[in-house]
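Please walk me through this structure at a pace that suits someone in the first year of study. I would like to follow it one step at a time.

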Amino acid sequence: MALFWQQVVSGLASGGIYGALALALVLIHRATGVINFAQGEMAAFSTYVLWTLTANHGLSYWPAFVLTLALSFAGGVAIHQVVIRPVERGSQIRVVIVTIGLLLLLNGLMTWIWSGEIRPVASPFPSGTFDIGGVALAYGDVGTIAVCLAAVIVLWAFFQFTKVGLALRASAVNPAEARLVGVRVPWMLGLGWGLAAMLGAVAGVLTAPTTLLTPSMMQAILIYAFAAAVLGGIDSPIGAVVGGLILGVGLSLLATYVDFVGTELQLPVALLVILIVLLVKPAGLFGKTQVKKV
Amino acid sequence: MSARTLRALVAFVVLAVVVYVLPAFVNDFRAQQLAYVGIYLVALIGLNVLTGYTGQISLGHGAFMAIGGYTTALLMSDHGVKDIYTIPLAVVVAGAVGVLFGFPAARLSGLYLALATFAVAVAIPGVLRRFEGFTGGGQGKNLFGTPELTASITPVKILGFDLNFNNWIYYLSWTVALVGYVIAWLLLRGRTGRSLRAVRDSETAAVSSGIGLTHAKVFAFGVSAAYAGAAGALFAIATNFVNPDTFPVTLSIFLLVGVVVGGLGSLTGLIVGAVFIQFMPLWAQNISKSPGAPAVVYGVILILVVLALPTGAAGLFARVTQLARRRRDFQKP
Amino acid sequence: MTALLELRDVEARYGPVQALRGISISVPEGSVVAVLGANGAGKTTTLRAVSGTVRRSGAILLGGKPLRGGPESAAKSGIAHVPEGRGTFTELSVVENLRLGAYTRRDRSVKADIERMSTYFPWISERGEQRAGTLSGGEQQMLALARALMGRPRLLMLDEPSLGLAPLVVREIFRIVRELNEKEGLTVLVVEQDARIALNAASSAYVLEVGKVAVSGSSAELRDDEAVRRSYLGY
């Protein structure tokens with residue numbers, strides 16, 4: 001029984017990471033209608049930035065973390081303004097290809113700058129476990145859950161209570177009407193990309209201690225994030241988070257209790273989730289069904 | 001036969017002649033590189049049917065190449081089948097999987113299909129590793145020196161010529177490519193081509209005009225998968241082994257890059273695309289020796305091509321010839 | 001009376017289609033002016049030209065100064081444009097719609113203004129958290145009006161406020177518009193298909209036909225001229 005709860009907690013931790021990255025995907029999809037295939041590489045890039053700040057520039061962890069968030073924000077805005085804006089209103093194929101180009105570009109850039117060497121990254125949380133009711137919980141897992149929760153709550157508050165957050169929400173659903181009340185919609189969309197990049201940075205930074213830092217670190221996580229976003233509903237922020245948690249716990253329990261799946265088949269399971277949801281209930285758990293008239 | 005078809009036929013014959021004569025003029029290493037161009041061309045011809053004609057985006061065709069490649073490798077190493085006989089089987093197996101996948105895929109649109117196929121591409125290596133008993137796990141299958149591999153040790157005699165391995169692979173892959181090109185051309189003429197194109201241009205219109213939308217999409221998926229399977233089989237034969245890392249997700253992406261750079265929807269640019277896929281990493285090395293350089297160059301070029309040229313290189317070519325033709329017309333009295 | 005808004009020879013096109021072929025309109029400060037005409041005459045395009053939602057040429061002056069740029073700068077200059085179909089943010093709540101109306105304002109009285117809106121639209125204070133998309137057509141129109149007023153605009157532009165609404169509701173809306181004009185001196189430019197109700201509220205009107213001004217004058221003149229009423233106004 002203790003094993004069960006340990007796996008649930010560890011599943012919540014990875015689920016928090018999937019949810020954070022899924023939230024980034026949903027944010028961008030709501031704002032600009034784009035599925036950002038490069039979200040994982042952006043997150044990995046941010047993680048490398050953090051690593052460089054701590055390893056080569058001697059910053060201690062949390063200041064480096066904050067600086068990384070700021071730089072990630074700037075990077076997200078820049079990417080939107082330079083690369084996405086010219087194509088976001090055209091055909092879907094073009095936008096997909098641009099984000100794929102971005103994926104390649106960032107992946108290659110990481111290898112170029114930092115080489116493909118596997119690097120260990122220190123976790124900001126103490127190692128080891130503590131005991132609650134006979135269940136050993138890892139500090140790392142609990143810390144991860146806390147950080148993801150904090151990120152989601154801060155973001156939620158931003159959207160609910162600030163003027164800019166309101167403007168962003170308006171721009172996502174009614175850009176033409178938003179312009180009429182004076183909102184600079186293109187900047188709002190850029191802001192959305194910046195926030196998404198920050199979320200990605202959080203996801204990447206929390207993943208690195210476990211998976212070790214390599215340029216391809218986030219590729220599998222991206223698939224899990226896609227599955228979470230699809231499961232929750234591609235336009236639903238709540239869905240992304242809930243979807244992530246469900247997926248994280250589900251995969252963790254499957255890996256532990258179903259030998260056939262183990263750890264190697266978690267990715268195909270996520271793929272199956274994507275396919276099944278898209279075919280059976282494309283709107284996901286929290287999304288609204290789109291009526292397609294023919 | 002219309003003037004346009006005659007022109008196309010002449011161009012094709014010229015191309016075939018050039019292809020078959022070329023190895024006499026290039027060194028062995030170059031022949032090997034050009035052999036891979038032929039292999040990528042086979043895959044691109046198929047992918048073009050899917051993406052260029054029906055507009056469905058696949059980021060997972062490397063997986064179909066893997067299926068073809070593994071079919072060939074397993075038939076050769078575990079069942080002693082001669083290499084060229086495995087190719088049709090690889091085509092059939094990959095094509096069948098493509099048709100099976102085509103049914104759920106047909107119900108997904110644009111971005112979601114790209115997402116699903118991307119997930120397939122990322123997941124495949126893990127699956128191959130998992131079923132070790134069948135696939136040879138992480139080690140894969142080694143075909144070097146096996147008797148089923150033609151010309152691997154001693155040259156093979158074809159039509160009175162002695163071909164060493166690299167030349168043999170060159171002719172094999174380009175023959176498959178040229179034959180495949182003709183088959184595709186025949187397939188896409190007339191009604192089939194029009195129904196496929198109708199899917200791309202307007203799904204609503206296609207449905208209301210009674211064209212079997214699902215059938216068209218499944219057909220396109222199956223055909224493109226079959227071609228990818230052939231390419232994968234050739235790849236396995238050419239490189240002499242397969243393992244889970246032979247067909248990574250970047251391969252799937254590079255295939256899409258090739259179709260985009262060459263020109264979505266046009267057969268002419270595909271050779272450009274195949275050349276691009278094969279030689280770009282080498283050209284990128286001139287910029288920097290770093291292993292990351294090719295991906296950076298690919299990425300930048302991909303972004304620039306999409307931003308600047310909506311129809312790829314072939315579109316540019318078509319536009320230029322159109323302009324030239326128009327100027328000629330205006331000069332007539 | 002000086003003109004708050006002036007259009008001089010304004011042209012506008014949608015791609016190859018020319019929607020406005022040189023129209024000149026003058027809206028005096030503190031008045032209500034109506035723009036009438038059949039479908040496709042260019043009425044909506046006129047408002048879009050003013051708010052900068054469509055590309056246009058010719059001079060557009062607000063308070064004597066030329067208006068340039070897109071809708072964002074028009075909003076900042078004090079133009080509130082309520083588009084066809086109300087432009088409600090259906091996913092957001094009633095109060096959030098109102099807050100957005102005040103987007104360009106930097107002062108601190110926004111909350112007070114929301115309460116002020118309840119005097120014109122009493123149901124707003126009760127249904128503040130309701131999703132705007134669940135309101136009835138008439139309520140959405142009033143919400144759109146309230147939203148526009150939240151920006152404390154110099155000029156209010158209404159595009160077909162009567163569209164899809166029951167006559168009682170339409171009358172109520174125009175009553176509120178007249179009240180705003182008389183009590184607070186709000187300048188209003190209203191586009192309408194229903195000429196009769198528009199002329200009751202407006203002091204002057206322009207009738208458009210295929211992108212040009214066919215007839216203009218005070219409401220009284222247009223109402224009394226039977227030929228004009230028959231050919232242009234449909235009654």
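In this predicted model, a good place to begin is where two chains meet: 19 residues of chain C are in contact with 13 residues of chain A. On the side of chain C that touches chain A, helix H2 (71-76) and helix H3 (94-101) of chain C each supply at least two residues. If the residues on this side of chain C are sorted by class, they comprise 7 nonpolar, 7 polar and 5 charged residues.

We can now turn from that contact to chain C as a whole. Chain C has 10 helices and 10 strands. Its radius of gyration is 17 Å, close to the 18 Å that the globule rule gives for 235 residues, and chain C is therefore as compact as a globular protein of that length. Taken along the principal axes, the box that the C-alpha atoms of chain C fill is roughly 50 × 35 × 35 Å. Of the 235 residues in chain C, 46% are buried. The contacts within the chain can also be sorted by how far apart the partners lie in the sequence: among the contacts in chain C with a separation of 6 or more, 68% are accounted for by residues 24 or more positions apart.

Chain B can be described in a similar way. It has 14 helices and 4 strands, and 50% of the 333 residues of chain B count as buried. When the contacts in chain B between residues at least 6 apart in sequence are considered, 78% of them join residues at least 24 apart.

Within chain B, one pair of helices deserves a slower look. How do the axes of helix H11 and helix H12 of chain B cross? Helix H11 (residues 249-262) of chain B and helix H12 (residues 269-287) of chain B have axes that come within 7 Å and cross at roughly 135 degrees. An angle over 145 degrees would count as roughly antiparallel and one of 65 to 115 as roughly perpendicular, so H11(B) and H12(B) are oblique to each other. The crossing in which H11(B) passes H12(B) is right-handed.

The residues that make this contact can be named on both sides. From H11(B) come B:Phe254, B:Val257, B:Gly258, B:Val259, B:Val261 and B:Gly262, while H12(B) contributes B:Gly269, B:Leu270, B:Val272, B:Gly273, B:Ala274, B:Phe276 and B:Ile277. Sorted by class, the residues of the contact of H11(B) with H12(B) are 9 nonpolar and 4 polar, with no charged residue.

Key. Residues numbered from 1 in each chain as written. Chains lettered and ligands numbered in written order. Predicted model: local features only at pLDDT ≥ 70, side-chain atom pairs only at ≥ 80, totals over all residues. Axes fitted to C-alpha atoms, helices over the stretch in contact; angles between N-to-C directions. Parallel < 35°, antiparallel > 145°, perpendicular 65-115°, else oblique. Left-handed = near helix turned anticlockwise from the far one by under 90°. Contact = placed C-beta atoms within 7 Å. Nonpolar A, V, L, I, M, F, W, Y, C, P; charged D, E, K, R; others polar. Rg over C-alpha atoms; globule rule 2.2 N^0.38 Å. Buried ≥ 20, exposed ≤ 12 C-beta atoms within 10 Å, placed from the backbone.
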